[in-house]
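Here is a friendly walk through one model, starting from a single residue and widening to the whole chain. Have your viewer ready as you read.

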Amino acid sequence: MNAGRICGIHLLAFLIVAVWGTTFVSTKMLINNGLRPVDIFFVRFLLAYLCILPLAGRRLFARSLGDELQLALLGLTGGSLYFMTENIALQYSYCSNVSLIVCATPLFTTALLGCFYKEERLNAAQTVCSVVALAGMALVVLNGHFVLNLSPVGDMLACYASLTWAFYSLGVRRLRGKYPLLFVTRKVFAYGLLTILPAFFFFPLQTDVILYARPLVWTNLLYLGFIASFLCYFGWNVVMERIGVVRSTNYLYFNPLVTLFTSYWVLGEQITPLAVVGTLLILGGVYGVDRLRAVRLLAGYRWRKTDKRKGGMR
């Protein structure tokens, strides 16, 4: 992959995380207008599924039962279970607690991937940079308000949300190259919709046509369904395939950063000096992880090249 394509993939990763960082504000607007998290998730994934259906080919199922079950787990972990655990956690715990725990997803993902794939492991220096980015993310989330209270139920659910996304990343990694990405993304939406259906026994789907007809409601649902789900989920799977799960997941540290500035512009929330410091730590930490990985790969390439020359001389 040439330098131009690599830069393009990294730019795509940042744009996707930027979009996901704005979805908090969009979801907040929908909730304020009478929709619940389960309604929002169902409609956004339904829209995303309808958008991707004509593009994903005629294949209905995977080539094996094991792969089909893996795709079902992707829909569960990267769809319904992730969103439900995160949203329910907000009902029991403080937003700051949930944000801090969920945004630690890159560390969970790195640890999980390292157990299965040696090439995805971080060295000591990269781990330090990742922790620096995590510390910066904490400052951004708290935004100068150091009020944290333990809530065992909510905080545990937030941990589950982080772990489900880590398992989603692992599942995508295991299916790399076996199926077209459009097919994989379509199955994620399909199984996400199927696995959310039992929730409607407890929270019946909102069917008020007048509510959905409000311009603010349908525009935000279109934004969440078409851009934040259809385009971003497919794009994220492309990013993970091209630059690896660990490098792409580190971009999630930018999520609260984008939310911070979006809240400032849209909701008028203040940005403190500590949040600015946190921004710099995030930028430095993510850059450090990626830069050190590039150096390590280059060193490995040179070592292999030198080793081949020595072998040829013998």
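Asp-39 sits in helix H2, which spans residues 37–52; helices here are DSSP runs of H or I with at least four residues, strands are runs of E with at least two, and both are numbered from the N terminus. The model is a predicted one, in which local features need pLDDT of at least 70, side-chain atom pairs count only at pLDDT 80 or more, and totals for chains, interfaces and linings use all residues. Residues are numbered from 1 along each chain as its sequence is written, and side-chain values use heavy atoms, with hydrogens and water left out.

Is Asp-39 buried or exposed? Asp-39 counts as buried because its relative accessibility is 0%, where buried means under 20% relative accessible area, exposed over 50% and partly exposed in between (1.4 Å probe, protein chains only). Beyond its neighbours within four places in sequence, Asp-39 is in contact with Phe-200, Pro-204, Leu-205, Gln-206 and Tyr-212; contact means heavy atoms within 4.5 Å.

The Asp-39 side chain also meets that of Arg-36 in a salt bridge, defined as a side-chain nitrogen of Lys or Arg within 4 Å of a carboxyl oxygen of Asp or Glu. Arg-36 is partly exposed, because its relative accessibility is 29%. A search of the whole structure finds four salt bridges, among them these:

| Pair | N to O distance |
|---|---|
| Asp-39 and Arg-36 | 3.1 Å |
| Asp-67 and Lys-178 | 3.0 Å |
| Arg-242 and Glu-241 | 3.9 Å |

The pair of Asp-67 and Lys-178 links distant parts of the chain, 111 residues apart, with Asp-67 in helix H3 and Lys-178 in the loop between H7 and H8. Asp-67 is buried at 10% relative accessible area, while Lys-178 is partly exposed at 36%. In the remaining pair of the table, Arg-242 is partly exposed at 45% and Glu-241 is partly exposed at 26%.

Now for the whole fold. The protein chain has 13 helices and zero strands. Of its 314 residues, 50% are buried. Among contacts between residues at least 6 apart in sequence, 90% join residues at least 24 apart. One pair separated along the chain is Ala-190 and Leu-50, 140 residues apart in sequence and 9.7 Å apart in space, C-alpha to C-alpha. Ala-190 is found in helix H8 and is buried, with a relative accessible area of 18%.

The largest nonpolar core has 70 residues, and Trp-20, Tyr-233 and Trp-236 have the most contacts inside it. Such a core is a set of buried Ala, Val, Leu, Ile, Met, Phe, Trp, Tyr and Cys residues joined through side-chain atoms within 4.5 Å. Which helix gives the most to this core? H10 does, with 12 residues. H10 bends by about 35° at Cys-232, the bend being the angle between axes fitted to the seven residues ending there and the seven starting there. After H10 comes Gly-244, with a positive phi near 95°. Residues touched by Trp-236 include Trp-20, Trp-165 and Tyr-251.

On the outside, the chain exposes about 15,900 Å², of which carbon and sulfur atoms supply 69%; these areas come from the Shrake-Rupley method with a 1.4 Å probe, and for residues only the protein chains shown count as cover. Met-156, Tyr-160, Leu-163 and Phe-167 make a nonpolar surface patch of about 380 Å². Patches are made of residues with over 30% relative accessible area and no salt bridge, with like charges joined within 9 Å and nonpolar side chains (Val, Leu, Ile, Met, Phe, Trp, Tyr) within 5 Å. Leu-163 lies in helix H7 and is partly exposed at 32% relative accessibility.
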